[in-house]
Amino acid sequence: MFTLAEVASLNDIQPTYRILKPWWDVFMDYLAVVMLMVAIFAGTMQLTKDQVVCLPVLPSTVNSKAQPGTSGKADFTTVETTTRHGEEASMRTVSFGSAPTVTPDIPLSRATSSQYQPTESGQEQKKEQKDSSGRKTNLDFQQYVFINQMCYHLALPWYSKYFPYLVLIHTIILIVSSNFWFKYPKTCSKIEHFVSILGKCFESPWTTKALSETACEDSEENKQRLTGAQSLPKYVSTSSDEGSPSASTPMITKSGFKFSADKPMIEVPSVTILDKKDGEQAKALFEKVRKFRAHVEDSDLIYKLYVGQTVIKTVKFIFILCYTANFVNTISFEHTCHPKVEHLIGYTEFECTHNMAYMLKKLLISYISLICVYGFICLYTLFWLFRIPLKEYSFEKVREESSFSDIPDVKNDFAFLLHMVDQYDQLYSKRFGVFLSEVSENKLREISLNHEWTFEKLRQHVSRNAQDKQELHLFMLSGVPDAVFDLTDLDVLKLELIPEAKIPAKISQMTNLQELHLCHCPAKVEQTAFSFLRDHLRCLHVKFTDVAEIPAWVYLLKNLRELYLIGNLNSENNKMIGLESLRELRHLKILHVKSNLTKIPPNITDVAPHLTKLVIHNDGTKLVVLNSLKKMINVAELELQNCELERIPHAIFSLSNLQELDLKTNSIRTIEEIISFQHLKRLTCLKLWHNKIVNIPSSITHIKNLESLYLSNNKLESLPAAVFSLQKLRCLDVSYNSIALIPVEIGLLQNLQHFHITGNKVDILPKQLFKCVKLRTLSLGQNCITSIPDKVSQLLHLTHLELKGNCLDRLPATLGQCQLLRKSGLVVEDHLFDALPSEVKEVLNQDTSVPFANGI
């Protein structure tokens, strides 16, 4: 038998999973408990009182009646009659377990005695009454005990003996079937997780706040419908601002309730203020709900298991009802027993009575009633399971009541669990829907973000950039804090890795904002904010992984001057590029594209008449088709970097307004086409650095107006005299080549201000170099120079001199005569500087407090 503690443990799951217990499961649990009590009560009764009592049936010769004739026969008849009445009295006495009295038979005995012996005295009648109490069977007590035990097993039906145990087994099976889905390993973890999340979502302060703000928002919207929106500020967007935006414009539209800045900025009383701990817990709940949904929605195991256990209970009910109906009549008081032990007892037939028959019959009727009710509830459960599609759950009603229009419908096991919860209390689903809403999650992030990033904290992160502009860089936040738009004096705003960035109408307060950076940040902009950006924004940087991340409103900024696009724009995606909208950017002057193009998209050249600067950084992908460059007649600066070019593109020679050409990091080996640059009368800067150029053709002399020539990081071994015929040359960079000699013709470059020849094989400096008296920067490091001529003192404008990495044993004392040269501009080894005369060092140390370390 089971102890009460063990039986009670079967229902321990009730408090934990009560929200998943519909009324029929609860009712069936109570019925199972009652059936369990019936089984325990019947079993206890059987253990203490279950037995049968048997009496032998006398042989037929004793029971036969003789014909009345003689007095002897009359006497036998009297004895026989008395004996029979005595036996009946004895049987009744044994059967009901009462005292051995024969009171009901005494009048009959007396009447019979009086009929045959009317003259006997009262004393003789009492003696005869005592002798007529029954006929002895010649069986002793132990024989009765023996026959009772035998007949208990032979005559008593098995159902009477095992009825309590059958009820117990059936009840345990029904209890296990009712709660199996809570204990099955593949479902219990999901159910435990669901119950845990549901309870936390129900009690979360964020749920109360979100629903409360929904109510406030609904009331405010109703108020706005009545009063109208004519009194709203100029830069506050309303639902009728400029009509409905087109599909290509990623404006924040209104569809149902939303926590976004596109709604009128109305002062809504805050019902609850979440502290940091509550906010973090709510964020964790959103993440748990998202992961749980992904884990549960892909299967319907819980639903199938619940249906299966309900079917099992129904089949069990039918089985119990069928076999119980067959055996219900076998429980009775009277039973006939033939033990076949005549050689021991002397009798072959016994009449037995079962003293538990009455109680068992009542318990059986109660049990049948309970199991019938249980079965009808099972049938109703099956009807409910198949009446509606429980694998789908719609939050339509919740969306209507709470105005959360984006709560997604769920399916499979997730849907089934929510249907079960609705049978307990539909309020759970409504509050749980808050954590399925992206709008709610975004609002939580917004509140937490604004709580953390206050105006004072943002002001501390504002810095001055190289252009002396006030700049704010926000990195990896959940959104854009509202306080950002209170920094009205901000010039540059950088938003990086902010996936849910939204630009509200408050940006119209930032009148100084002219530059915006969106790094992996597909920002959504409200209509009024877009109008402000379209009129005020001058420079925009967009960094993306895929072209689809570029906000479409970028192409509608008509007053934009500079656009920087950094991301994947390969040939396959060019068909999808929205760059055709660039033609709307009538004032665009600078376009910077860092990508992996195989050709310049015609959409870019469509805006060529407006462009003055085009930069293409191609990240090593070979740029093949360049003919479209010819359309860019107004381009003054052109950069084609890392495009795997092997020659100077001929299309460049048609750009008559070109002033600066940068072909850095390509594979150019020869520049014989340089003669064609003579047609580019305005070309002043030519950058051919980081290529594979071996020599410089003499035709370079035709570029009369060239002022800057960059040939560093090539394979040059000499400098032709033609280079030094460029009288306007101000900057010459031939660093990191294999040049061994500086030609004496360098003295012809009277306008030379910057000369870089670091990282070559120069060992002697010609005296003519120091005739370039306008030199301000002279880089001679990492060569083989053994001495510096004293004529270095002629470079009165020299501010930067690099000598480190040579074979010098001393520095000339005339360095002190370079009036603008200071210690910070002298890059040389420490011991060489220390070897200078003290007066020279004093001159070099003037007006500087920067410590000298390693000559840098």
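1. A term to begin with: a polar contact here is a pair of N or O atoms within 3.5 Å, where, within protein, one atom must be able to donate a hydrogen and the other to accept it. With that in hand, look at N666: its side chain reaches the backbone oxygen of L640 at 3.0 Å. The N666 side chain also reaches a second backbone oxygen, that of K664, at 3.1 Å. Keep in mind throughout that this is a predicted model.

2. Before going further into that spot, here's the overall picture. The protein has 856 residues, and 49% of them count as buried. You'll find 24 helices and 24 strands. Among contacts with a sequence separation of 6 or more, 57% are between residues 24 or more positions apart.

3. Back to N666. You can find this asparagine in the loop between strand 17 (660–662) and strand 18 (685–687). Is N666 buried or exposed? With a relative accessibility of 6%, N666 falls under the 20% cut-off, so it counts as buried. Setting aside residues up to four places away in sequence, N666 touches a run of neighbours, L640, Q641, N642, C643, E644 and L645, plus H690 and N691.

4. One of those neighbours deserves its own look. N642, which N666 touches, sits in the loop between strand 16 (637–641) and strand 17. N642 isn't a glycine, yet its phi is positive, about 55°. As for solvent, N642 has a relative accessible area of 24%, so it is partly exposed.

5. Staying with strand 17, have a look at E660, which lies in that strand. Which side chain does E660 join through a polar contact? The partner is K687, and the contact is 3.5 Å long. E660 has a relative accessible area of 19%, so it counts as buried, given that the cut-off is 20%. Besides K687, E660 touches A636, E637, L638, L683 and C685, with residues up to four places away left out.

6. Next along is K692, in the loop between strand 18 and strand 19 (708–710). K692 is partly exposed, because its relative accessibility is 30%. The C-alpha atoms of K692 and I668 are 5.6 Å apart, though the two residues are 24 positions apart in sequence. If you ignore neighbours within four places in sequence, K692 is in contact with S667, I668, R669 and N714.

7. There is another positive phi to check, at L497. This residue isn't a glycine either, and its phi is about 55°. L497 is found in the loop between strand 8 (492–496) and strand 9 (502–503). Its relative accessibility is 33%, so L497 counts as partly exposed.

8. Now for the helices. Two packed helices are described by the angle between their axes and the distance between the axes. Take helix 3 (residues 23–49) and helix 15 (residues 357–387): they pack at about 160°, and their axes are 10 Å apart. That angle is over 145 degrees, so helix 3 and helix 15 are roughly antiparallel. The crossing is left-handed. By class, the residues in this contact are 23 nonpolar and two polar, with no charged ones.

9. A second helix pair is worth a look: helix 10 (residues 185–203) and helix 12 (residues 276–296). Their angle is about 150° and their axes are 11 Å apart, so helix 10 runs roughly antiparallel to helix 12. Helix 10 and helix 12 also cross in a left-handed way. Which residues meet here? From helix 10 come K190, H193, F194, I197, K200 and C201, and from helix 12 come L285, K288, V289, F292, H295 and V296. Sorted by class, that makes seven nonpolar, two polar and three charged residues.

10. Finally, Y428 gives you a link back to helix 10. Y428 belongs to helix 18 (residues 427–433), and it counts as buried because its relative accessibility is 14%. Y428 and C201 are 227 residues apart along the chain, but their C-alpha atoms are separated by 8.5 Å. C201 is one of the helix 10 residues that meet helix 12. Leaving out neighbours within four places in sequence, Y428 is in contact with I19, L198, F202 and V421.

Terms used
Residues numbered from 1 in each chain as written. Predicted model: local features only at pLDDT ≥ 70, side-chain atom pairs only at ≥ 80, totals over all residues. Heavy atoms only, no water. Axes fitted to C-alpha atoms, helices over the stretch in contact; angles between N-to-C directions. Helix = DSSP H or I, 4+ residues; strand = E, 2+ residues; numbered from the N terminus. Parallel < 35°, antiparallel > 145°, perpendicular 65-115°, else oblique. Left-handed = near helix turned anticlockwise from the far one by under 90°. Contact = heavy atoms within 4.5 Å. Nonpolar A, V, L, I, M, F, W, Y, C, P; charged D, E, K, R; others polar. Buried < 20%, exposed > 50% of the residue type's maximum accessible area, 1.4 Å probe, protein only.
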